[in-house]
Amino acid sequence: MVKLDTSFETLKDLIGKSITLKELENTLFNLGMELEETSGDEIKIDITAERSDMVSSQGLARVLRAYFGLKNPDYKIKKSNYEVFVDKSVDEVRPHTCCAVIKNLDLDEEKLKEIIWVQEKLHETFGRDRKKVAIGIYPMESIKFPITYKAENPTSFKFRPLEYPKEMTGKEILTKTSTGKQYAHLLQDHKKYPYFIDAKKDILSMPPILNAHETGKITQNTKDVFLECSGHDFDALSKTLNILCYMLQDMGGDVYQVSVKYPKKTFVLPNFKKEKRTIKTSFIEKMTGLQISSKECAKLLEKMMHDVESIQKDSVTFLVPPIRTDIWHDVDIADDIVRGFGVNNIKPELPKVATHANVLRENKIKSKMTEILVGLDFTEVFTLLLTSTQDQYTNMNLDVKQQNYMKLGHSEEKSINMVRTWLMPETLKALQSNRNKSLPLKLFEINEVVQVDKTKDVLSKTQNKLSCLICDSQSDFTQIKQILENLLNSFAIEFELKTQNYEFFIQGRSASIISNGKEVGFIGELSPEVISNWSIHYPIAGLELDLDALFNIV
Amino acid sequence: MSIDIIKTLHRYEVSLLEALDGKSDLEAIAKTSGLKVIEAKRACQWLENKNLINTQSNVQKQVLLGKNGESYKKDGLPETRFLQNLTHNYQTIPQINKKANLSEEEIKITIGTLKKKSAIDITKEEGKLKIKITSQGKKIEEKGTEEQIFLKQSFPIDESSIKDKETYKLLLKRKDILVVGEIKSQTIEITPKGRKVKDKIKDFDFSKLTDKLTPEMLKTGKWKNKEFRHFDVLAPVPKITGGRKHPLSAIIDMVRDIFVEMGFEEMKGPLIETSFWCLDSMWIPQDHPARDVQDTFYLPYKGKLPQKSVLEKVKKVHEDGGDTGSKGYGYKWNPEMAKQLLMRTHTTATTYRYFHEKNIKERDNAKYFYIGRVFRNEAIDATHLPEFHQVEGFVMQEGLTLKHLMGFIKTFYAKLGLHDIKFKVTYNPYTETSLEAMYFDKKTNSWIELINSGIFRPESLAPYGINKPIIAWGLGLERLAMILYEKNNIKEILGASCDIDWLKTYKIKMRDY
């Protein structure tokens, strides 16, 4: 989401119509946007994520003009002999560029700021942080056409980067400049780095990193500029170029064509050709439930900035502006119609879809177990699935090296590095954070854990477990065994205990729980070492059950 | 009336009332009534509830000498000792301290105190401090400092009786000179109503009242001749708590009930997912920002992809839209990227698994819901957790449109008791049209967005052979829970840090539909 900072006066000037703030707010809301903030004349607007063409005051005003039924200018391209040659060498690294020339700009501080802001925002959003699209803008007075776009070994070319005192090689730019470091990942694995070079053999820039000092900075006095977009997806570049050309023409500039010559093909750019589409009113009804005539449909399309070409009995043929990057399918047109119509003008309707309701058997069981445990005076806790080897194993006297678990990769939170494989340590954590509360503390948790399972497509299995802890000055094995018996007897589950030692229980005071010949859990008094590891000062008895095994859920 | 009150009196209360004449303090009345202090205390509480007595708590502060205070009283305060060893000629500190025998800390405080009183004159020679007594100092030495005079009193003394408050404050600030103890006492006074009751006690035969109904009485039938002592049923009782279901569980049950009432079947799916099911399967492009490491927990493993027939179709819709009528993204889809394992970022991953694994395409209709945990790669701080629960429901049937999606959401909201709602068009890569649904919150006088929804794009359904429309909506469970329980912080709702006292006493939430 992009937040557009502008003033209400500027916007009204650009729209060319006097509107109230409330009208603006309602219109933006219908279009799927929000007036975030107003303070005096200053306004902030959240631009809807997919509409790259609205990322500028000019772009937004253009959309609003159409919405208010005002005519937008014709966007025209003037002929020229400007040429950009695309060398085969860029194929491997950044294969495409789309270029244009804009003349007779009358820039001021505001406009200059807006251009740089739009460049930045397009980089961040549609440009996927310069990976998909990088934009370069150059003052024409310091450039001599034709320009060549090529790639070379990064140690064999050098130029003075913008705002740096000395020349550097392509390689040095990635390690010595701040922008170079920030975007190094986009080039560093390639043998050759791309650059633009003019007829005087001056390097203009190394996309997508930075411009050269002599040729790469526009100021308020700049009248004519050379515009290029580089990347991997020709269509995305061409659309971005169009968005910029539309904006600069709205600012008063004249757009001139550039012939971009690939080894085998030439493109004359920018390409303002509008895509022709036909939409059936029946499709709109199928998607939205709206019954509208083709005439009404045409009106809504115009309101959404499309040019209507012809209206048939049950369909409309229209042209999509060449700056829309979010139209893939007729459903996207239906969406435009909804925005034009106003979604809150559609009457909600509940259809009859006859189905059988059902709750998962495991959730029914979990619910009943909760009922029993609450009756036995236990309070439920809900802890996190993401945790650490320290909490899951080390604090439980277990050797991390001998455990099988699903590790996390990079984590923004330093205290987590794995997905829990059992519940007891996490329930202990809840006990720990409530240790100053009055005793006894009787806690239980019925929730999911993740076990390694190489046979699954996700190399793991999500399982249901139950853990139960009693913390009191007198808590002991008898008490927790009473709970186990009451719980399992309530479900008529036959089980037996088998003496067994666990690292986290006091030796000789623990057992495994066996049902149907399978181990389904363990029970015991927690060892003083473990209790101390959790900084708790009262005895704890506990149990953990594998519910999936117990109920044969899987 | 007063007879009824008399019947409620416990024997402790009777004893106390009988012993009480006008005003007394608690300990004294305990003694005269023959009650233990604790018994008298309880009797006081009950009697006060019945307006038969008034009680007043008093705190008396007593000042005692501390460890240093004791020795300073005997040997003199450090400044007194220091002053006594000064002459009219400048001396170095070690020279002065030879007899005064003060610790370094004491010397520091002493010099400060004496300077303030203008009792000494300090100079510096060859980097060493030298000190002599002033005439003012001489006077003080003869008379003794205010502090020394204060210590001469006999302790303990009642704080309220102290006259030289200034000196008292100064000494209180110094280490271990004075200690203040509190003596609590309770004064009890009989009320006019109490006096009336007291007068009647004499004539009342308490022996005919029974305190407790016993099994013995029931067995023998002796209860028939008994009158039971009346209880003050309005008296407060100690609070108790029992075991409770977690509030989040309660909200899960509520949401599950709503879906079941609306005829939905419950689903489940794995917490760890492949990128394929979490992202690619639903036509999220491989360069989408949602895949950033900053937002998603990746695991250092690669999982397995579903069978080729599905993969080929997913690849096709990504690249050129396949036969859906879509243009596709125009890039080369990379199956290797789709194998990457991650902590699922939304429950829609499970929805798409169901599309494929449950062969939804063969059915006339389907209505499923899911309540499950999802993850975001975020640092834990005061108000953020890296995981929370998502609720999601989808409906497939021929003829479903946007107005039906709106109809389901309206019904869902209504079942939560929220009736004033509106919709806003939004963007989502796998639904078109996508809608946010908000309700009007009267308390904050603002629209609150709780539900996100949409119609699944044809590109996202084609790989699973589904050609009927599917509408879906979802919401964050903790957000709903926070609104219902009026909490501002997710950490009060989810995780080990939840306050157990609240978990045992939270108010039950009922839907008002």
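**Note on the predicted model: domains, helix packing and backbone geometry**

1. Domain separation in chain B. The centres of domain 1 of chain B and domain 2 of chain B lie 57 Å apart, taken over C-alpha atoms. Chain B has three assigned domains. Domain 1 is made of two segments, 2-52 and 191-216. Domain 2 covers 64-181, and domain 3 covers 248-505. This is a predicted model, so read the separation as a property of the prediction. The remaining points concern chain A.

2. Helices H8 and H10 of chain A. H8(A) spans residues 281-288 and H10(A) spans residues 330-341. Their axes come within 10 Å and cross at roughly 75 degrees. An angle of 65 to 115 degrees counts as roughly perpendicular, and H8(A) and H10(A) are therefore roughly perpendicular to each other. On the H8(A) side, the contact uses Phe283(A), Ile284(A), Met287(A) and Thr288(A). On the H10(A) side, the residues are Asp330(A), Val331(A), Ala334(A), Ile337(A) and Val338(A). By class, the contact has seven nonpolar residues, one polar and one charged.

3. Asp336 of chain A. This residue also belongs to helix H10 of chain A. Is Asp336(A) buried or exposed? Its relative accessibility is 2%. Buried means under 20%, so Asp336(A) counts as buried. Its side chain makes a polar contact of 3.0 Å with the side chain of Arg324(A). Leaving out residues up to four places away in sequence, Asp336(A) touches Met304(A), His306(A), Arg324(A) and Ile327(A). Arg324(A) thus appears both in the polar contact and in the list of touching residues.

4. Helices H2 and H3 of chain A. H2(A) covers residues 21-30 and H3(A) covers residues 57-67. They pack at an angle of about 95 degrees, with axes 11 Å apart. H2(A) and H3(A) are therefore roughly perpendicular to each other. Which residues meet in H2(A) and H3(A)? From H2(A) come Leu24(A), Thr27(A), Leu28(A) and Asn30(A). From H3(A) come Leu60(A), Leu64(A) and Tyr67(A). The residues of this contact divide into five nonpolar, two polar and no charged.

5. Cis peptide bonds in chain A. The bond from Pro207(A) to Pro208(A) is cis, with omega near 0 degrees. Pro208(A) sits in the loop between strand E12 (203-206) and strand E13 (210-211) of chain A. The bond from Leu439(A) to Pro440(A) is cis as well, again with omega near 0 degrees. Where is Pro440(A) found? The place is the loop between helix H13 (424-433) and strand E24 (441-452) of chain A.

6. Positive phi at Lys201 of chain A. Phi of Lys201(A) is near 70 degrees, a positive value in a residue other than glycine. Lys201(A) lies in the loop between strand E11 (193-197) and E12 of chain A. E12 also borders the loop that holds Pro208(A). At 64% relative accessibility, Lys201(A) counts as exposed.

7. Positive phi at Asn516 of chain A. Asn516(A) is not a glycine, yet its phi is positive, at about 55 degrees. The residue is in the loop between strand E27 (505-515) and strand E28 (518-526) of chain A. Its relative accessibility is 80%. Exposed means over 50%, so Asn516(A) counts as exposed.

Note on methods
Residues numbered from 1 in each chain as written. Chains lettered and ligands numbered in written order. Heavy atoms only, no water. Axes fitted to C-alpha atoms, helices over the stretch in contact; angles between N-to-C directions. Helix = DSSP H or I, 4+ residues; strand = E, 2+ residues; numbered from the N terminus. Parallel < 35°, antiparallel > 145°, perpendicular 65-115°, else oblique. Contact = heavy atoms within 4.5 Å. Nonpolar A, V, L, I, M, F, W, Y, C, P; charged D, E, K, R; others polar. Domains from an automatic or database assignment. Buried < 20%, exposed > 50% of the residue type's maximum accessible area, 1.4 Å probe, protein only. Polar contact = N/O pair within 3.5 Å; in protein donor to acceptor, adjacent residues only side chain to side chain.
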